[in-house]
Amino acid sequence: MSDRSDVAPTLRDLLGSNLGLLTPDTVTGDLDRPISWVHTTELRDPSRYLRGGELVCTVGISLQTAEDSSAFVASLSGAGVAGVCFGIGDVHDAVPGPLVAACARNQLPLLIAPPSVPFATVSRYVADFQFGGEIAVARATNTLVPELLSSQRRRESVRELLDRAGQVLGCYFLLEPEGSTEPGGLAVPVDGLGALVWVGSGEPPEKPVLDVIVRFVQAAQGERDIEAALARERVGQLLSLVERRMLLPDALNQLLDWPGLTTREVACSAWPAGAGALLSMAFPAALVGDAPEVCLVVTDGTSGLADVAAELSLPSGHSAPGPLAELGSAITQARIALGLAQQHGGSIGPDQLSTFDSLLEGLPLNRLAPFKNQLIDPLDEIDQERGTQHVRTLRVFLATNGSLVDTARELFLHTNTVRHRLSRIHELTGRNPLVFEDQAAFAIGLRASDRARRMTGRAD
């Protein structure tokens, strides 16, 4: 993959992409201007928020007269922006003529975004273009790791694991003895096993992606140790019993030979299922257990856990250190943290668990079901039947802390339209989104709906 982090896309690049952007019949400015970033605004004069080189996106809420368009374009030209992207279909069915004329007078390029092209797509294109290498690595890793974890859970061989990786990345991998080379291939050393050789057309995967594969190859090779695998399963079963209060933590001293059980404090971390062999290599001094749907790691400290999580590109959740007698609570805490990490990515520690999200994540879904059934499902049904956007409006309204103005700006609507939608939500559910207590109820309903959707996705 080529590194384009120093390269900025131009307006011509945007037009040449498959996004679907258009230009007026007569081009109003130089399409070869580089774009530093994308800025969305509905202000008549947004110049104080601009630094130069931006592609300014608008649907023209504030552009109702010829004077508005002239003032808007003058402020953008003075700020040195790259161009304007005007979205049609929300406020204006076509680009206002005075805006086109003002852009032509100021030689400011004007692009047109049809209703099928959201501004978020334009922003993503520019970000991908500028940070393509980093984003490509993240996307490849995020796609690759679940497949490799699935291979680990199935106890597949190294060859099967490499085949899975090749299918995801569109290439082929070989594990060759040390000193062996493959013409046209890329070799990465694998400690004790030889070299991982990439074979394919085009450019090879980035090194961080190959490093992830190497780790899993080493873990898959270690998975041939049946005794170690069975030991992890036994540890996982015992830790699950401790979490369910069916086994006292002190009993682990008689059942397991792990020195950490005699320390003053232990901590637990939870990782995706199938990572046991990988984590045993990363934490050779820890107690690693393959429990149902999760891998648990018990340590006598928390140092280095987040660093390993980042290196392995795995989500993880971590409890606070505590006495062995509270190990069951620590396991539950780690599981809740893992659930949040799987939603948001990265590593979630105990300091991030005193949040609304963590509280709801720790409650059984059946406790949250009434909020979903009574407050969200009716809105979702009418949205699907009539093509309305009550749920989206509610979600944005809550995310903007109940601000009508910010919600309108985010959805490119008039504040009266937002007010009308919230009134309609009140009619459909009997709960008023403008009242704080009802806002909390709606927030719980949305979280419950999201959790139910995630669980259904996993089941599928």
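Author: A salt bridge is a side-chain nitrogen of Lys or Arg within 4 Å of a carboxyl oxygen of Asp or Glu. Keep that cut-off in mind for this predicted model.

Reader: What makes E243 and R335 a salt bridge?

Author: Their closest N and O atoms are 2.9 Å apart. The cut-off is 4 Å, so the pair counts as a salt bridge.

Reader: Which parts of the chain does this pair link?

Author: Distant ones. E243 sits in helix α8 (residues 226-243), and R335 sits in helix α12 (residues 327-344). The two are 92 residues apart.

Reader: Why is E243 called buried?

Author: Its relative accessibility is 16%. Buried means under 20%, so E243 qualifies.

Reader: And why does R335 count as partly exposed?

Author: R335 has 27% relative accessibility. Partly exposed runs between 20% and 50%, so R335 falls in that class.

Reader: How do you know that R395 and D450 form a salt bridge?

Author: The closest N and O atoms of R395 and D450 are 3.1 Å apart. That is within 4 Å, so the definition is met.

Reader: What does the pair of R395 and D450 tie together?

Author: R395 lies in helix α15 (residues 390-399), D450 in helix α18 (residues 436-459). So the pair ties together parts that are 55 residues apart in sequence.

Reader: Are R395 and D450 buried or partly exposed?

Author: R395 has a relative accessible area of 34%, so it is partly exposed. D450 has 22% and is partly exposed too. Buried would need a value under 20%.

Reader: What makes R409 and D406 a salt bridge?

Author: Their closest N and O atoms are 2.9 Å apart. Set that against the 4 Å cut-off, and the pair is therefore a salt bridge.

Reader: Why are R409 and D406 separated by about one helical turn?

Author: Because they are 3 residues apart in helix α16 (residues 404-411). R409 is partly exposed at 45% relative accessible area. D406 is partly exposed as well, at 33%.

Reader: Which residues are joined into one network?

Author: R44, E67 and D68, through salt bridges that share partners. The structure holds 15 salt bridges.

Reader: How confident is the predictor in this protein?

Author: The average pLDDT is 85, and 90% of the residues score at least 70. The scale runs from 0 to 100.

Reader: Where does pLDDT stay under 50?

Author: Over residues 1-6. For that stretch the model has 9 contacts beyond four places in sequence.

How values were computed
Residues numbered from 1 in each chain as written. Predicted model: local features only at pLDDT ≥ 70, side-chain atom pairs only at ≥ 80, totals over all residues. Heavy atoms only, no water. Helix = DSSP H or I, 4+ residues; strand = E, 2+ residues; numbered from the N terminus. Buried < 20%, exposed > 50% of the residue type's maximum accessible area, 1.4 Å probe, protein only. Contact = heavy atoms within 4.5 Å.
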